[in-house]
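Colleague: I have a few "how do you know" questions about the labels you use. Could we go through them together?

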Amino acid sequence: MGKRIHVLPNLITLANAFCGLLALAKAIDALTLSVDDPIVFYRKMETACFLVFLGMIFDSLDGLVARMVRSSSAFGAQLDSFSDALTFGIVPAVLAKVLIEHEAAVTNYAGNARVHFLAGAVFSLMAILRLVRFTLEPDDDEHKSFRGLPSPAAAGAVASTIWLYLILRRPELEQNEGTPTPFSKLIHGMEAVDWAPILDWVPSILVAMLPVLGLLMVSNVRYTHVVSYFTARGQFATLVGVVFIVVLVLIAPVPFLFLFFVGISMSGPFVALTRALRARRKRLA
């Protein structure tokens, strides 16, 4: 019985890797199965983005379960790094490249396949380097903050940007069991808004976003540990925060994920810049 319990955290970690592999398969399907029906591309890509976030859930659970059953090991740490490198390093870059090049005709984006590959390669390689550094150089302050942007947050920023693009380009994707979601109704209520000029910029934004997020992952910029930030304010404040987050996720999951992960990605440089300006003012005072 004990051995089976100790296997559980590693199985959850492998579930994270499985989500990454399945997301890659969905991206391939999006290109090969959308010839006859263009909507298939958007549906497959939406599923691939969802799988990235599902992988994050498994990534959070494996460490929690390992601590609960006291089965942390070097094997589990290495397995976790390899799984994260796949789901949060390789998959987002591939999804971005697939979307950029498939939507080139729709957005009139005159890109370059080699540039797209290099942008994705920088993201993936920096994610791998970040994970290696995190494994070999433990951060004494990791329970309060991280050195460099965590790879799941970087992956979330890319995947949520792609997902938001998909549903704004194809609002019919925003349905739950055949019923339009609240966000879908909001989009239809804003029919006067022409999203096309904004959406046409998404491929260019993704090309720039990939290397920037990659560099943030290997930077020394400090990022607040979100869970520790909320739990440090007491159980009542944490409970209130969880309730509000659940409500927002149920009402408009994709916009919430986009604002949350892009906000996290920008928070590190913003806080670092703010502190640098304050220090400069004190020196000049």
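**Reasons behind the labels**

Modeller: Happily! Phe 256 has 18% relative accessibility and counts as buried, because buried means under 20%. Please keep in mind that this is a predicted model.

Colleague: What makes Phe 260 partly exposed?

Modeller: Its relative accessibility is 29%. Partly exposed covers the values between 20% and 50%, so Phe 260 counts as partly exposed.

Colleague: How do you know that Phe 256 and Phe 260 are about one helical turn apart?

Modeller: Both lie in helix H12 (residues 253-284), and they are 4 residues apart there, which means a separation of about one helical turn.

Colleague: Let's turn to the rings. Why is the pair Phe 41 and Tyr 42 called edge-to-face?

Modeller: The ring centres of Phe 41 and Tyr 42 are 5.4 Å apart, with 90° between the planes. Centres within 6.5 Å make a pair, and planes over 60 degrees apart count as edge-to-face, so the label follows. Phe 41, at 0% relative accessibility, counts as buried, and Tyr 42, at 5%, counts as buried too.

Colleague: And why is the pair Phe 256 and Phe 260 called stacked?

Modeller: Their centres are 5.8 Å apart and their planes stand at 20°. Planes under 30 degrees apart count as stacked, so that is the name for this pair. Ring pairs also link Phe 256 and Phe 260 with Phe 53, Trp 163 and Phe 261 into a cluster. The protein has 5 aromatic pairs by this rule.

Colleague: Now the helices. What makes H3 roughly antiparallel to H9?

Modeller: Helix H3 (residues 74-102) and helix H9 (residues 202-217) pack at an angle of about 155°, with their axes 10 Å apart. Angles over 145 degrees count as roughly antiparallel, so H3 and H9 get that description. Their crossing is left-handed. Ala 93, Ala 96, Leu 99 and Ile 100 of H3 meet Pro 203, Leu 206, Val 207 and Leu 210 of H9 in this contact. By kind, the residues are 8 nonpolar, no polar and no charged.

Colleague: Why are H5 and H9 called roughly parallel?

Modeller: H5 and H9 pack at about 20°, and their axes are 8 Å apart. Angles under 35 degrees count as roughly parallel, so the term applies to H5 and H9. The crossing of H5 and H9 is left-handed. On the H5 side the contact includes His 116, Phe 123, Arg 130 and Arg 133, and on the H9 side it includes Val 207, Leu 210 and Gly 214.

Colleague: How do the residues of the contact of H5 with H9 divide?

Modeller: There are 12 nonpolar, 3 polar and 2 charged. Arg counts as charged and Gly as polar.

Colleague: What is notable about the phi of Asn 108?

Modeller: Phi of Asn 108 is near 60°, a positive value in a residue other than glycine. Most residues other than glycine have a negative phi. Asn 108 sits in the loop between helix H4 (104-107) and helix H5 (113-136).

Colleague: Is Asn 108 buried or exposed?

Modeller: At 67% relative accessibility, Asn 108 counts as exposed, because exposed means over 50%.

Colleague: Finally, how many helices and strands are there in the protein?

Modeller: The protein has 12 helices and 4 strands. Of its 285 residues, 43% are buried. Among contacts between residues at least 6 apart in sequence, 81% join residues at least 24 apart.

Notes: Residues numbered from 1 in each chain as written. Predicted model: local features only at pLDDT ≥ 70, side-chain atom pairs only at ≥ 80, totals over all residues. Heavy atoms only, no water. Phe/Tyr/Trp six-rings, centres within 6.5 Å; stacked < 30°, edge-to-face > 60°. Buried < 20%, exposed > 50% of the residue type's maximum accessible area, 1.4 Å probe, protein only. Helix = DSSP H or I, 4+ residues; strand = E, 2+ residues; numbered from the N terminus. Axes fitted to C-alpha atoms, helices over the stretch in contact; angles between N-to-C directions. Parallel < 35°, antiparallel > 145°, perpendicular 65-115°, else oblique. Left-handed = near helix turned anticlockwise from the far one by under 90°. Contact = heavy atoms within 4.5 Å.
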